[in-house]
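Q: I would like to learn how to read a few features of a protein model, taking helix packing before single residues. Could you take me through them in turn?

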Amino acid sequence: MTRNFFPIALLTAFLASGCSNLERSRALGNPDVSPAVTAVQVCSNCHGVDGNSVSPNFPKLAGQQQEYIVNQLKGFRSHNRSDPAGFEYMWGIARHLTDEQITGLAEFYSKQTSRPEMAGADPALLAAGKTIFDKGVPEMNVIACTSCHGPKAQGIGAFPKLAHQHANYVVKQLDIFQNTQGRPGTPMEFVTHPLTGGNKDAVAAYLQAFPD
């Protein structure tokens, strides 16, 4: 009995150590896990290791404004943001996060570099999107996107970075602002109300391929 005790004890200690390895932990409720580890071990499944998601179902977070990410994560945590794709994936994750963890994740992603997607871009569509982005649609009383999101679509504080975002994701969010109450508390409901499907497709394509 004595001879078998030490190997078993060592094995138990080793397994315990592996399960509590803070550099590989997926424990959202553990504030000792660094935001960078949470980003890689958990968030990367949808948003990519560096915040450049591959699937257009999930937004790119690379280079995003810190304040915007903080607000969205807190909105998911409080269930204030209730658009279907958002709550399906994010309510369960965000409910475990502390304010400090949210701030840390926002800082991590804000320091990453986003990448444009030029493949298959239609020059005419991009030109129409640039006009909407820079000048709005005056005949519809739609203001220029630059007014809130900056001349380089870099975002300003609570207003998100839009440059390089997936076109499909941008269109879906514009649809949500235009037709539902899933994302309350922003002026986008009024901005998007007059937009046509063609307007949305054009500006979304331009943003996805936004020049550096």
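Q: Is the crossing of helix 3 and helix 5 right-handed or left-handed?

A: The model we are reading is a predicted one. In it, the crossing of helix 3 and helix 5 is right-handed.

Q: At what angle do the axes of helix 3 and helix 5 cross, and within what distance do they come?

A: A pair of helices can be described by how closely their axes come and by the angle between them. Here the axes of helix 3 and helix 5, the latter spanning residues 99-110, come within 8 Å and cross at roughly 140°. Because angles over 145 degrees count as roughly antiparallel and this one does not reach that cut-off, helix 3 is oblique to helix 5.

Q: Which residues of helix 3 meet helix 5?

A: From helix 3 the residues are Gln 66, Ile 69, Val 70, Leu 73, Lys 74 and Arg 77, and among the residues they meet in helix 5 are Ile 102, Thr 103, Ala 106 and Tyr 109.

Q: Where is Val 70, and is it buried or exposed?

A: Relative accessibility is the value to read for this, and under 20% counts as buried. Val 70 is in helix 3, which covers residues 66-78, and at 15% relative accessibility it counts as buried. Leaving aside neighbours within four places in sequence, Val 70 is in contact with Ile 102, Thr 103 and Ala 106, and these three residues are listed on the helix 5 side of the packing with helix 3.

Q: How do the axes of helix 2 and helix 5 cross?

A: The axes of helix 2, residues 35-47, and helix 5 come within 8 Å and cross at roughly 80°, which makes helix 2 roughly perpendicular to helix 5. The contact is made by Pro 35, Ala 36, Thr 38, Ala 39 and Cys 43 of helix 2, together with Gly 104, Leu 105, Phe 108 and Tyr 109 of helix 5.

Q: Which residues of helix 4 are buried?

A: To read the faces of a helix, list its buried residues and then look down its axis. In helix 4 the buried residues are Gly 86, Met 90 and Ala 94; seen down the axis they fall within an arc of 35°, so they line one face of the helix. What covers these buried residues includes helix 3, while the face turned away from the buried side carries the exposed residues Pro 84 and Glu 88.

Q: What is the phi of His 79, and what is the phi of Ala 153?

A: For a backbone angle, check both its sign and the residue type. His 79 has a positive phi of about 65° although it is not a glycine, and Ala 153, likewise not a glycine, has a positive phi near 55°. His 79 lies in the loop between helix 3 and helix 4 and is partly exposed, with a relative accessible area of 41%. Ala 153, by contrast, sits in the loop between helix 7 and helix 8 and counts as buried at 0% relative accessibility.

Q: Which side chain forms a polar contact with that of His 166?

A: The side chains of His 166 and Glu 117 are joined by a polar contact of 3.3 Å. His 166 is in the loop between helix 7 (146-149) and helix 8 (167-179), and it is buried, with a relative accessible area of 2%. Beyond its neighbours within four places in sequence, the residues in contact with His 166 include Ser 53, Pro 56, Phe 58, Lys 60 and Gln 208.

Note on methods
Residues numbered from 1 in each chain as written. Predicted model: local features only at pLDDT ≥ 70, side-chain atom pairs only at ≥ 80, totals over all residues. Heavy atoms only, no water. Helix = DSSP H or I, 4+ residues; strand = E, 2+ residues; numbered from the N terminus. Buried < 20%, exposed > 50% of the residue type's maximum accessible area, 1.4 Å probe, protein only. Polar contact = N/O pair within 3.5 Å; in protein donor to acceptor, adjacent residues only side chain to side chain. Contact = heavy atoms within 4.5 Å. Arc of directions from axis to C-beta. Axes fitted to C-alpha atoms, helices over the stretch in contact; angles between N-to-C directions. Parallel < 35°, antiparallel > 145°, perpendicular 65-115°, else oblique. Left-handed = near helix turned anticlockwise from the far one by under 90°.
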